Amino acid sequence: MCWAPEDPATLLLAIIESGFADRPAAPLRAEFPTALAYLEQIGALKPSSTLWTVWCTACDKDHDATVELDLTGKARHFCPEAGWVDDNDEDLASLRLDREWLLDWLERTFSVMPPRRRRMLLSDRIWHIGEAVLGRTSVTVIFARSFIRRSELYAAIMQVPPTEVGVVLSTAAEVAADFLAVYGYYAVNLDQILLPKTDGLVIDQGRFAGLIRAFARKTRPTARRGGRHSEAPLIVEVFQARRTRGAPYSSKSAEANEIISEWADHHPDFDPPGHSTIRKQLPNPGL
Ligand SMILES: [Zn+2]
């Protein structure tokens, strides 16, 4: 993702990653005026408690200082270089990422269907957002914020087996993705799909749909393909047993019917393959 200083998506991801604590508004407002105003306007960031520590901007010393009230009740802090410095309401304002807004936004953005089932799986870190349908694929959406230990991620996804394809949306640079697939989950970092637009928060729905299609392909055909590979030698075995005892072989179709009818005698532990699957394994009669 390319860096765009006035891009609310980049700012939002950085804030999500660092959590729900109060943060001083003034330095953020100085650095990202437009993006911050946008995030406040949509309700992602809410005003929080008054700060009692401020970052001094009266000198070049890069220090913080404790806020005091003078005798008239005005806020100020002491700077070793500049002396007493007045702090106005703007200097003391803090902002907090709104938890409910974040979860509502994820629910809306990923078209989670009713009934709402969202719940926290790990305090302030992992949530089950709900179930969505993309194309013909059911998607179980989990959101994980910041770095999550493998054991914590495991404990969370165990509580929500995916309906079809599971997605762990994350903000962390690294997710223990290798073991997720074993349980039907795939990791998607929000910065892969959240577009750095200056005018709002936009998910690249085409990219997300493409990822889901790829996950669905990985999840679905394994059983079928594996089955076909392991069925072939079993079919050949029945075919050869029939030749050994001198059973006639006149057509592939008739032979497939015979193989199905005596399948259980040879391979009682496996269901017989389909008629066409068997035919494909048979040589041409008369060869
Ligand atoms: Zn200072």
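The chain has a radius of gyration of 31 Å, whereas a compact globule of 287 residues would come in near 19 Å. This is a predicted model. Along the principal axes, the C-alpha atoms fill a box of roughly 110 × 35 × 35 Å. Of the 287 residues, 25% count as buried.

Next, the secondary structure. The chain holds twelve helices and 14 strands. Take the contacts between residues at least 6 apart in sequence: 53% of them join residues at least 24 apart.

Now the interior. The largest nonpolar core has 44 residues. Within this core, the members that touch the most others are Leu-39, Val-141, Ile-142, Val-167 and Val-168. Strand 10, residues 137-144, supplies the largest share, with five residues. Where does this core lie with respect to domain 1 and domain 2? Domain 1 spans 8-97 and domain 2 spans 99-219. Both give residues to the core, so it lies between them.

A second core, of six residues, lies apart from the largest one. Its members include Ile-235, Val-238, Phe-239 and Ile-259.

Back to Ile-142, one of the residues that touch the most other members of the largest core. Set aside its neighbours within four places in sequence. Ile-142 is then in contact with Ile-126, Trp-127, His-128 and Ile-129. Ile-142 also contacts Ala-156, Ile-157 and Val-160. Gly-166, Val-167, Val-168 and Leu-169 complete its list of contacts. Of these, Val-167 and Val-168 are themselves among the members of the core that touch the most others.

Key:
Residues are numbered from 1 along each chain as its sequence is written. This is a predicted model: local features need pLDDT of at least 70, side-chain atom pairs count only at pLDDT 80 or more; totals for chains, interfaces and linings use all residues. A nonpolar core is a set of buried Ala, Val, Leu, Ile, Met, Phe, Trp, Tyr and Cys residues joined through C-beta atoms within 7 Å. A residue is buried if 20 or more other C-beta atoms lie within 10 Å of its own, exposed if 12 or fewer, and partly exposed in between; C-beta atoms are placed from the backbone. Helices (H or I, at least four residues) and strands (E, at least two) are DSSP runs, numbered from the N terminus. Domain bounds come from an automatic or database domain assignment. Two residues are in contact if their C-beta atoms, placed from the backbone, lie within 7 Å. The radius of gyration is taken over C-alpha atoms; the globule rule is 2.2 Å times the number of residues to the power 0.38.
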